[in-house]
Structure formats: structure tokens, C-alpha cells
Amino acid sequence: MSAMDYDNDELIFLDDDGSVEEQTLLGKDWNILIVDDDEEIHTVTRLALSDLIVNDRKLNFIHAYSAKQAKEMLHEYGNSIAIILLDVVMETDDAGFDVVKYIREDMKLVEPRIILRTGQPGYAPEEQVIKVYDINDYKTKTELTRAKLLTTIISSLRSYQQIVTISQSRAGLEKIITSSANLFEEHSVKEFCEGVVTQISSLIGLDSEGLLCARAGSLLDREDEEVYVLGAAGEYAKFINQPVFTLKNLEIEENISRCLRLKKHIFEPSCSVLYISRAGFEAAVFVRQTHEISELDKHLLEVFLSSISVGYENVNLFHELRNAAFRDWLTRLPNRNEFINMLDKPHLFAGENYSVALIDVNHFSDINDGLGQEVGNELLRAISDRFQSSFDSIVKKGRIGADVFGLIGPDDLVCPKTINNIFQSSFQVGDHTLPVNITLGLCKLDNKRHIGIEILKRTNIALNRAKKNLTDNFEYYAKDIEDQTTWRLDMIRQLRSDFAARKLELWFQPQVDLLNEKVVGMEGLLRWPNGEGGYISPAVFVPLAEYSGLIVDIGEWVLEESCRRLQELKEKGYGHLRVAVNISIPQFRDRLFVEKVKQALSNANCDPSLLELEITESVVMDEPQIVIDALRSLKEFGVKIAIDDFGTGFSSMSYIQQLPLDRLKVDRSFVKDIKPGASAVLAETIVTLGNKLGLLTIAEGVEKREQASYMIKLGCDEAQGYLYAKPMPFDALLAFLEEHD
């Protein structure tokens, strides 16, 4: 017997416990539970309905003979029971009502339809029972003829199916919301794509087996347009990040290609291929299936895909953002940030005897300037490719700076010999064959946990040290190097602080005429109090000031202070005395240097001829033209010029002749050589040269009377040293001048 036709919407979603048995039973028969303590009622009902077929499905009868048995059957079959034909009076007068209450309130089963039957009409009023209990019908057994029973069963099955469809749709939508929310939390392409496959399989009641593919070489740092497996579950999981053709499955490959080409879903009896598209990001999800997907499933899948397509776009954008933050745009290697992250977690890749190396390409700017930036970029890519081909994945690579690469790996691989061998042959870049020289800084990793930025700092210290190495192109980090660097930075910081607080002092050492020993001038000497009653040697802090660039500001202050003191000396009646000030090369590089000297003289209303600028040979040889031009301009303004430490360097006589000099200073090392009965050839040569050039000469470091006498015999004009006076503060200088006036 056939019932009226209507859509066959089978149950399509598993319960949360994933029961396969429930789905199988519903797919075959409608489960009808007969609950009655009369065996004859069971038999009659079964005979009356045995040939009934509704929506191509027969009835499956389940029998219970008491309320207790009914509850047991309900626990076994649950929501898979479509209709319950329930006797009211069994072991008790209200046993049937108790079962109804148990179904709806205790078990909270809302889908099964309940038809109450009673052999005692009038025992419970029909209207009251219908109102109180969630049942479909309440009939006496005598009025349930075969025709009426068929009508009741068919209408109840229709109600049951509609309720199940609504419930399944609601459950499906809830799963979509939950699945989408979970997926939106994923930022990894791999985890997101795997999650999509798993959730789709769950939605349509299948085991998780499928894969998500896309033309996404850029997501995998590859430059091709192949279709890759980005996420997979089941047997396909091993193919993640591989081209789809590596599956060697023509059906999958053709269906995915067709889906991406047609840009729409494809539903086949054995598989479905679902299309995802969002803001230019496309993907195809292949799902293997055992039965054809229903229309309801298709609708829910469309809702799900529409929802998670935003997540697919987000995960792609997040990947691009992560690449921007942690990948070098040119070489696709990890950048400085990611390299530090790797150093933060050495336990993920490093065992014992691991090293970090920084590789600096020497004179890279010359390539950019001479051949163009594009050639420079191609060279960097070529270096990156050679690293990739020379080292396997055990060695981690990165691009740390413009022309600096980083390596992390075993000591026998990340070492000077291996790395230098990589650069033995030239690089072919377009039409250019470029030899590349490098400098290496290396740091050995130990078993202790270190902060990544700290390891990078140590390796960089070694690299900077290697750049000063005259014998090798590499240097390993050692703690004393860092200690020295830390000390230097601390000293520079303190010097900067003390200079800002005006704690530096300008002392003066008198210079005398060798013949009459009258004071003719002073040399201004910088002093830095150490805060403990002593002073830090200029041999220590002047190089630090030059290294840090602070010497420019300090030098400007020394000039201003010297001019101010000259004006005070004039007011005290010593207007004929000059002050000599040392000038370093960073000051000459200051384009405003000449103007600053002139401004200091003008502000103090000083005679320019009383200010003498002292330069060393090394300053002249460092930037000869800059120095010569500046000194000529100042000479024209009236400033005197002296060359200090003459004869200790390797200056060119041609440059010396070009300098507008007034005085040569004989270095203390030559004066020290003067001993009774011995000649000081170098001192004699310098004095003679000065006389030949028409320059005054002054001897430094004169400490003994025989030294002064010898310099007089040589024809030297002036002297300064402990024989006459030590360096002293300005107030002490005034007292000294007054005493020796």
C-alpha cells in the first residue's frame, strides 16, 4: 500500500555522538514503537500496517509490553522512533501518561509522535489529555479501525518528518555558526583549510575525508601557478602543500580543475566539489561521499561556504600580513624579526654544537651605485639561492639587513670555512659576473636559554669586530668583546650626560719662550672629572667622543670657553697671550665648523690671532682637502695654525706645504730621546724643517733642564712641559701668571 507522495527529506545530520546506527535505521524503515500489555493488540496492529509503505520506506515494529519496557526501548532507539502507539492503562491505571511525561520531560524527546490508545473510554477526558500532553492523537482501541489507523499513522509520519527536518535544519545552522566561529579563530592557512574539510564532512554526515585546493603558490612561498593541496583530512592529509597532481588521481584533479574553471559547485553521486571565492581568493573543496547529497544538505553547505568564505579571505590576508612582518620581500627568506623568533626557540631546531652566523656582503653599496639597484637585488636573490642549494633544511637562513644574511645550524656547517667556500665562485647576475667578498660574525649557542635579540646582538658584535680584523674575515663572539663594548657604551653615555651637565673642565698648560722662559701662551686641555676626586684620561675619553660624534659639540664648547678665557685674560692685563686648541677630524667634517670658530671669536670680542688651532698629521691625511680649505679660510680671518705631534705619522710633505701653518710642535716622544751625550736626530730634523719653512717651533713634554738646553741649541723657539708648569684650572693659571709676571 502506498501513501500520498511528498518530498523524501531523509535524516541527514548525525547527532553529536555521531551515531551511525540511527542514520542507518532511519534510512531503511520507519520505526514504530507499540506499547501495550495485550499481545493481541500487538498482533492486530502489526497485521493492519504490515504492507504500508510511506515515501518508499516500510514500517519497522518495536514491541514493549509495559511502561518499564517502553522506557528501555526509548533509551535504545531514542529519536529514531517515529511513532509511539501507547496504551494508557497497563501495570497501573496511568502508566501510559507516565511514559508520555518521561518521553517529553525526562528524555526531552520532541520528535517522536505519540498516539495514545485506551480500552476504557471516558477514563480520561480526551480534551484534557490533548491539552496537557504533547501527543498527536488520543483514541479508543475500538474506534481505531484499519482505515483510521492508516490515516493516523500517515499523518503522524508526515508530522514527524517535518519536525525532524526543522530540527535537523536548526542543528545544521547551529553547526555552521559553531564551525565558522572556530574557523575564524584560525590564522594558519593549513589549520584553516583542514578545518573546512573536517567541518563540511561533519555537516553532511561523512567521515572526514577530503581536501581543499587552490592556486596558491604565493601562500607556500612558491612562484608557480600550480593548484596546491592546502588542507586535507583522511588519506589525503599526507599531500598537504603538494601540487594536486601528486595525488595521481585523475578524478580529483579533473573535478577540482573543472570547479575552479566553472567557478561553481559540482555535485556528483560519488563526490562533491565545492567552490569558495572571496575578494579574488579562490579554492575548491573535494569531498568523497557514499550517497548523493540531499537538497537540504546542499542548501546548508551553501550557507556554510558563504559564511566561511570571509574566513578564507581573512586567513589569506593574515598570511600576507605575516609575510610582511616576518618574511623578506625580496628573497622570501625569514627577515630579522623571524630570525630573532627562531633564536628565541633554539630547542625547536638546535641540538648541541650549534652556531649563528651573520654574513655581510662587502662593498654592496658600490654595486647598487655602479650597476643599479636592480642588479643589486638580483645579486641578493642569487646569494639567497646559493644558500638554499648549499644548505639543507637543518640550517635556518634569513636576511637580516640590506646586505646581511643570517644562518643558524650545526658548527660543522655554520663555520668560516664552509661559508667562505660558498663565495669562492663569482655570481652571474644578468650580463654581469660579480665576485663577492664577505665578512663573518659568529656566535656559538650553548645549552642555556637566551633571548633571541641578545644572541643576534652578540653575533653582530662579532661581525663588527671582524670588520676591523686585518688578517681574517671572521670573528667569533667572546664575552670580553661584549664587556668592552658595554664599557664603551656606558662611558659614552656618561660622557654625554656629564657634558650636558657642564661637568667637563678646560684646563691650561703654559707655553714659554725657551730663551727668557716668559709665558707666551697656553694650550687648552680638556679634563673629565670621574666624580671621585680624580680625572679620566683624555687618551680614554677623546676617542670615545670622536667615535660617538659628541666631539663636535664638545669641540664647539672648548672653542667658546677658550675665547671667553682669552677675553678674561685681556681684562687681567694678559692680552698678549694666545690659547691653542686641538681640533679633530669630525669637527672639520662639520660644514659649519669655520663659521662656528668665527662666531666664537666674535661673541667674545677676541683677537683671532690669539687663537691657535692645533691639528695632527692623521687629521690632515684623513680628509686633506677639507682640512686645507677650512684652515685657509680661518687663516685669512687671522687665526693661527699649528701642527701637533709632527713626525709621528706618515703625512705627505706636499700636503704639509699646502697648509697655512704658523708653528710646528715637536712631539714629546722625540724630546724624551734627548739625553746627555746623545743626539736627538728626529727633534733636530723637525726644528730644522720648521726653520726652513719659516715656522716657529715648540717642543712638547720638556721635563728636564738638559732637554730645554738641547732644544735651544737646535734653534727651537718655545716649549711646554712639567719643567715649566703642569696643566691647571683657569684660576690657578691666573695665580701662576701673576707669580711669574
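The paragraphs below lead from the chain as a whole to one sheet with its helices, then to other strands, a helix pair and some single residues.

This is a predicted model, in which local features need a pLDDT of at least 70 and side-chain atom pairs count only at pLDDT 80 or more, while totals for chains, interfaces and linings use all residues. Residues are numbered from 1 along each chain as its sequence is written, and side-chain values use heavy atoms, with hydrogens and water left out.

The protein chain has 26 helices and 27 strands, where helices (H or I, at least four residues) and strands (E, at least two) are DSSP runs numbered from the N terminus. Of the 741 residues in the protein chain, 50% are buried; buried means under 20% relative accessible area, exposed means over 50%, and partly exposed lies in between, with a 1.4 Å probe and protein chains only. Among contacts (heavy atoms within 4.5 Å) in the protein chain between residues at least 6 apart in sequence, 65% join residues at least 24 apart.

An open sheet of six strands, with mixed pairing, follows the order β2-β3-β1-β4-β5-β6; two strands pair if DSSP finds at least two bridges between them. Because β2 (53–54) and β6 (137–140) stand at the edges, each with a single partner strand, one side of each is left without a neighbour in the sheet. The pairing of β2 with strand β3 (residues 57–64) is antiparallel and comprises two bridges, and Ile-53 stands opposite Lys-58 in β3.

Helix α2 (residues 39–49) lies across β1 (29–35), β3, β4 (81–87) and β5 (113–118), and runs at about 180° to β3; axes here are lines fitted to C-alpha atoms, for helices over the stretch in contact, and angles run from 0 to 180 degrees between N-to-C directions. Helix α3 (residues 67–77) also packs on the sheet, where it touches β1, β3 and β4, and its direction makes about 135° with that of β3.

Within α3, the buried residues are Ala-67, Ala-70, Leu-74 and Tyr-77. They cover an arc of only 95° around the axis, which puts them on the same side of α3, the arc being that of the directions from the helix axis to the C-beta atoms. As a general background, an α-helix has 3.6 residues a turn, so residues three or four places apart point the same way. The exposed residues Lys-68, His-75 and Glu-76 are carried on the face of α3 turned away from its buried side. Just after α3, Gly-78 takes a positive phi of about 55°.

Strand β5 of the sheet contains Arg-113, which counts as buried at 7% relative accessibility. Leaving aside neighbours within four places in sequence, Arg-113 is in contact with ten residues listed here by name: Ala-82, Ile-83, Ile-84, Arg-104, Asp-134, Asn-136, Ser-156, Ser-159, Tyr-160 and Ile-163. In the loop between α4 (95–106) and β5 lies Lys-108, which is exposed with a relative accessible area of 60% and has a positive phi of about 55° although it is not a glycine. Most residues other than glycine have a negative phi.

Further along the chain, strand β11 (residues 281–288) is mostly covered, since six of its eight residues are buried. Strand β7 (residues 210–215) runs antiparallel to β11 and is joined to it by four bridges, with Leu-212 opposite Val-285. Strand β10 (residues 271–278) also pairs with β11 in the antiparallel sense, over eight bridges, and the bridge partner of Ile-276 in β11 is Ala-283.

The axes of helix α15 (residues 479–500) and helix α16 (residues 538–548) come within 10 Å and cross at roughly 85°. That makes α15 roughly perpendicular to α16, a term for angles of 65 to 115 degrees, whereas angles under 35 count as roughly parallel, over 145 as roughly antiparallel and the rest as oblique. The contact involves, among others, Trp-487, Met-491 and Leu-495 of α15 and Phe-541, Leu-544 and Tyr-547 of α16.

Gly-398, finally, has its place in strand β13 (residues 396–399) and counts as buried at 1% relative accessibility. Not counting residues up to four places away in sequence, Gly-398 touches Leu-333, Pro-334, Phe-339, Phe-405 and Gly-406.
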